[in-house]
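The exercises below are meant to be worked through with the structure in view. Each one sets a task and then solves it step by step.

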Amino acid sequence: MRMYDLIMKKRDGHVMEDEEIKYIVDGFVSGEIPDYQMSAFLMAIFYKGMNDHEILTLTTAMAESGDMVDLSPIEGIKVDKHSTGGVGDKTTLIVAPIVAANGVKVAKMSGRGLGHTGGTVDKLESIPGYRTDLNEHEFFDVVRKTGISVIGQSGNLTPADKKMYALRDVTATVDSIPLIASSIMSKKIAAGSDCILLDVKVGSGAFMKEVDDAVRLAEVMVALGENAGRKTRAMITDMDTPLGNAIGNSLEVIEAVNTLKGKGPEDLTHECIGLAANMMVLAGLGDEKHCEELARKVIDDGSALERLIAMVDAQGGDSSVIKDTEYFTKAKYTHDVISDTDGYVTDMDAAGCGIASSMLGAGRETLESEIDYAAGIILKKKTGDAVSKGDVLATLYADDEALFAAAERRYKEAVKISGSRKERNPLIYALVSKDGVKRF
Ligand code: URA
């Protein structure tokens, strides 16, 4: 086989054979196929797409390119969750303890943030001492002991995705349904859980800008999960506005803890109850309504928060900051962003808010950048809220006062205030399962 011929085949819109796709994935991982040829192939997929069978073959080849985790030594049903990425998305820190408190195991590998999006691993590492680099033996032990463990992705999980994602990131080929679906589902299948809940974000802070595209992506991913023998569902959720009020690593952990105490923002609480309920439906605990009640109960009786504390202790973290979030190290400086007009918040570009937070030190430009765990933004006004001149729109947190001016400018660019009120978008647009699409 010649890579040149295979690039031409996809460029001309033909359907690839299974062996051809496997040849490309294996050849790219081994280094035989150079980056420039793989880039051209990825761009051909971006423009010509792939049919469902090609996506399945690509996903399987990527999943099998490295270790396949076998979670069977851990008793019980294991449920995984994956968000396609957003701003202020701290849902894993809330829903994983909720389902664990209901007896469902969560053995989860999470990612770091890049660009405007945050990552769960960075948020957890804002807890002093918390280890995200457990080996398999330690990882399994924590899940057995506490019902839940969240770590970083292990070294040799889906090396094909690692290399392909790095190339996509610099060749403008990220936002392609076949490439996103195979990237996410290869990792989830290799990670070994019995059930997978996908949180597909849509809006200004997400890869998918339109609900119909997000539904199509979800349908492809649900089919891939079910085909691999994993019970899979997807929720389509809003990312036009950041989720909750906190953006930034320790700020988001604090908000997650408050939510587990029943004192979280309404949007975040509502979405987490929905996500946790659907994870429990997949695990066979009952229908959605019953599972929502189960989720609320473990918030009310404190057992979900206890699970988070147990996980933090078991992974070497200082759980005193969870028990009393006042112990978190604070940013040296704060700065209020003041409204210079009256009106209503009609739009918040979530990606712009994420970039502003990143500029304060909360995010990284490259995987090597250092981040400031205490930096970020607390939103005081969100889409739909009335604003008077002089009101605080948001508070910025940073260790260097010189960062405030540029971050404030970027934040103000992201937030639109106008004379007539606009309702916020729905939080949950649809649920996609093997039985079809339910729109809300
Ligand atoms: N998240 C992933 O893991 N991969 C993608 O391609 C997009 C989002």
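**Exercise 1.** How many residue pairs are in polar contact across the interface of domain 2 and domain 3?

*Solution.* Begin with the division of the chain in this predicted model: the protein chain falls into domain 1 (3–49), domain 2 (79–160 + 176–323 + 428–439) and domain 3 (331–418). Across the interface of domain 2 and domain 3, the rule then gives 9 residue pairs in polar contact, where both residues have pLDDT 80 or more. As a next step, look at which elements of domain 2 touch domain 3: those that give two or more residues to this side are α6 (120–125), β6 (246–247) and α11 (249–260). Among these, α11 provides the largest share, with 3 residues. Sorted by kind, the residues on this side of domain 2 are 8 nonpolar, 12 polar and 5 charged.

**Exercise 2.** Find the salt bridge between domain 2 and domain 3, and state which residues form a salt bridge with N and O atoms 2.7 Å apart.

*Solution.* The count between the two domains is 1 salt bridge. To locate a pair, take D267 and K382, which form a salt bridge whose closest N and O atoms are 2.7 Å apart. This distance satisfies the cut-off, because a salt bridge requires a side-chain nitrogen of Lys or Arg within 4 Å of a carboxyl oxygen of Asp or Glu.

**Exercise 3.** Describe the extent of the contact between domain 2 and domain 3, starting from their centres.

*Solution.* First, the C-alpha centres of the two domains are 25 Å apart. Second, the contact involves 25 residues of domain 2 and 26 residues of domain 3. Third, about 1,900 Å² of area is buried between these domains, and carbon and sulfur atoms give 57% of that area. Finally, N245, I247 and L251 together supply 27% of the area that domain 2 buries against domain 3, which is more than any other three residues supply.

**Exercise 4.** Which residues are around the ligand?

*Solution.* The residues around the ligand are T84, Y165, R168, I180, S183, I184, K187 and F207. Turning to polar side-chain atoms, one in R168 lies 2.9 Å from an oxygen atom of the ligand, while one in S183 lies 2.7 Å from a ligand nitrogen atom. In the side chain of K187, an N or O atom is 2.6 Å from an oxygen atom of the ligand.

Methods: Residues are numbered from 1 along each chain as its sequence is written. This is a predicted model: local features need pLDDT of at least 70, side-chain atom pairs count only at pLDDT 80 or more; totals for chains, interfaces and linings use all residues. Side-chain values use heavy atoms; hydrogens and water are left out. Domain bounds come from an automatic or database domain assignment. Contact means heavy atoms within 4.5 Å. Buried area is the accessible area (1.4 Å probe) that two parts lose on being put together, summed over both. A polar contact is a pair of N or O atoms within 3.5 Å; within protein, one must be able to donate a hydrogen and the other to accept it, and residues adjacent in sequence count only if both atoms are side-chain atoms. Helices (H or I, at least four residues) and strands (E, at least two) are DSSP runs, numbered from the N terminus. Ala, Val, Leu, Ile, Met, Phe, Trp, Tyr, Cys and Pro count as nonpolar, Asp, Glu, Lys and Arg as charged, and the others, Gly among them, as polar. A residue is near a molecule or strand if one of its heavy atoms lies within 4 Å of it.
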